[in-house]
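Work through the exercises below with the model open. Each task is followed by a stepwise solution.

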Amino acid sequence: MGLILKILIYSCLCAGVQSVHKISWLPCQFIDEHVFRNIENLTETQWLHRDAMLQFGQKGDTPVNPDAITFLVTGSKLDMRRYVEGVEADQLECEIRRYSTAGIHVRWPAKGTEEYNRWFTCTLKHTEGLFIVTSFLRHPSAQPPSGQQDYRSWSSISDTEILITTVTMGMKTQTPSVKAKLGSQQKFHCQFAIDHKGPNVTVEWHWQNRGERTRLFSHASRSGQTKGTGVGLRSLADGDASYTLQYSKMSSEGTYICSVSVLPLFASLDISLHIEEPPRVSLNVAPILSLQEGEEQKVTCEAESYYPLDVEIVWYQQDPTVSGQRVGSPLPKVLQNVLLSSHKHNSDKTYSLSAFFYLEASLGISGRQFTCSVSHKSLRVPIKKSFILNVEEPTSWFFYLSVGLIIVLLLVILVVMLPNLNSVRNRSVQKKPY
C-alpha cells in the first residue's frame, strides 16, 4: 500500500469516527487478474492485488489518492452507501474485481452515447461478519467486448487510472452466517435493487451441501412464473428476496444461495447455515451425596443430544465456601481419574457422551464440592452441574456388640420375670371375692 494512502487512512481514523454516509471515499483492494496459458498449454489465472480507491463524487473530481487506481462512483439512482449507513469506515473491507459478461451484450438502459460497458463488482464486508454488500459498477466504453472469453484480453488499467463509474445493481445480506437450533424457523436476508424500472429480473434460491445442489425457489418477473416457496411475492416486488426456512433439520445444514440476474449481470450471495444443538447435562447422583468412609461410588456426568460433535467435559473439586470468590481463593482442582465413554450417535443425528470416575469416600474430602463442566460451541458459557460429598464415620464393632448385649440382657430379664408376673396375676385372681 502506498505511503499517501496510508497517510490518508491514518488521517481519517485520527479525525474521529465518521458514519459511512458522510464518507466520500474508501480504500479498496482491486483484485486484478492475468489469464494466460502455461507451458503445458493449460489456462492459468494470476491474481494481482492492487491499491485502489472507491471515491464518491462527480466527474472531474480530483483523486483522493493520485497514486492509486480510482473508481470514481458518480451519482445514480443507487447509492451503495445507504446499505451500510451507521457503520464506521474502519469496519468495512472493500474489494473490487473485474466482471466478465461471457460475450453477452445487452445495452444497459442508461443515459449516454456509449454503446458498451466495462463491468466491475465491488464487495463491502463488515469486519465482524454482520453483512455483505455486492454492487455492480458500470464503466461506459466505446469498445465492444472481445467475445465469450473476454477475460483473456482484459483492457489494461494503469496504477493511477481514473475510471468513471455508476452503480447499476446492488445486493445485500444481513445474515451471511446463521446458527440455528433443531426445529427453529430461520429467515435468510437477501435484498436487491436495480437502477431502472421494469427490469427483466430473475430471482432464485438454491441449497448446496457436499456437492448436492437443489433449487428451492425461482421467480421471473417478465413471465411471472414462480416455482417453489419460501419468498413472499409482495416483498419481492420491493426488492426483498429473503427466504424463510420453516423448520430447521439436521439435513438443512449447508449453503443457501440467493441469486439475482438481469442480463448481462448475474450476482449471488452465499449464506451458511450451521445447526448447533446445546447439550442436556445431568448427574447420576443427588445434590448431596452421603457415603460412609471407605465406600466407593461411580459418579457420571452425561452430556446428551448435542451437535456438532466436539464437546469438552471436565470434572473438578473445590471447597464450596470459596466457590464464586475471585480474589485470593484457591483454584478448583481438576480430577485426573476421569474416563470418557465412546460417542453415542443418536437417531436424530445428535451425539451423547459421558464422563465418569470412581469416588472413594474419605473424611478428608467430606464437604467438598464436585462439579462437572460441559463446554460446546453452541454455548456462550459452560453448563455446570455440582454435588457436595458428605462422608460419615462407619459405626464401630464395639457399638454393635454393646447393642447386642443390651438386647440379650433385656430378653433374659423378660424370660426370668415372666413366670413371676404370671404367678402374681394368678394369686390376685384367686383372692378376688365373688
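**Exercise 1. The five-stranded sheet**

Task: Find the order of the strands in the open sheet of five strands, and say which strands are at its edges.

Solution.
- Step 1. Assign the strands: they are DSSP runs (E, at least two residues; helices are H or I, at least four), numbered from the N terminus.
- Step 2. Apply the pairing rule: two strands pair if DSSP finds at least two bridges between them.
- Step 3. Read off the order, which is β18-β26-β25-β20-β21, with mixed pairing in an open sheet.
- Step 4. Look for strands that pair on one side only: these edge strands are β18 (288–292) and β21 (333–334).

This is a predicted model, in which local features need pLDDT of at least 70 and side-chain atom pairs count only at pLDDT 80 or more, while totals for chains, interfaces and linings use all residues. Residues are numbered from 1 along each chain as its sequence is written, and side-chain values use heavy atoms, with hydrogens and water left out.

**Exercise 2. One strand pair in detail**

Task: How many bridges join β20 to β25, and in which direction do the two run? Which residue of β25 stands opposite E312?

Solution.
- Step 1. Locate the strands: β20 covers residues 311–318 and β25 covers residues 369–376.
- Step 2. Count the bridges between β20 and β25: eight.
- Step 3. Compare directions: β20 and β25 run antiparallel.
- Step 4. Pick the partner: E312 faces S375 in β25.

**Exercise 3. Disulfides**

Task: How many disulfides does the chain hold, and what is the pattern of the bonded cysteines?

Solution.
- Step 1. Set the rule: a disulfide is a pair of cysteine sulfur atoms within 2.5 Å.
- Step 2. Apply this rule: the count is three disulfides.
- Step 3. Take the pair C28 and C94, whose sulfur atoms are 1.8 Å apart. C28 sits in β1 (residues 25–37) and C94 in β4 (residues 92–99), so this pair ties together parts 66 residues apart in sequence.
- Step 4. Take C190 and C258, with S to S 2.0 Å. C190 is in the loop between β9 (186–188) and β10 (191–194), and C258 is in β15 (residues 254–262), so the parts tied together are 68 residues apart in sequence.
- Step 5. Take C301 and C372, with S to S 2.0 Å. C301 belongs to β19 (residues 296–306) and C372 to β25, so the pair ties together parts 71 residues apart in sequence.
- Step 6. Count the bonded cysteines along the chain: the pattern is 1-2, 3-4, 5-6.
- Step 7. Check C122: it is in no disulfide, and the nearest cysteine sulfur, that of C94, is 3.9 Å away.

**Exercise 4. Handedness and burial**

Task: Is the disulfide of C28 and C94 right-handed or left-handed? Is C122 buried or exposed?

Solution.
- Step 1. The S-S torsion of C28 and C94 is about 80°, so that disulfide is right-handed.
- Step 2. For C190 and C258 the torsion is about -70°, so the disulfide is left-handed.
- Step 3. For C301 and C372 the torsion is about -75°, so the disulfide is left-handed.
- Step 4. Fix the burial classes: buried means under 20% relative accessible area, exposed over 50%, partly exposed in between (1.4 Å probe, protein chains only).
- Step 5. Classify the cysteines. C28 is buried at 4%. C94 is buried at 10%. C190 is buried at 1%. C258 is buried at 0%. C301 is buried at 0%. C372 is buried at 0%. C122 is buried at 1%.

**Exercise 5. Backbone exceptions**

Task: Where are P264 and P308, and what is the phi of R210 and of K349?

Solution.
- Step 1. L263 and P264 are joined by a cis peptide bond with omega about 10°. P264 lies in the loop between β15 and β16 (265–275).
- Step 2. The peptide bond from Y307 to P308 is cis, with omega near 5°. P308 lies in the loop between β19 and β20.
- Step 3. R210, a residue other than glycine, has a positive phi near 55°. R210 is in the loop between β11 (202–209) and β12 (212–220). R210 is exposed at 81% relative accessibility.
- Step 4. K349, a residue other than glycine, has a positive phi near 75°. K349 is in the loop between β23 (344–345) and β24 (351–360). K349 is partly exposed, at 48%.
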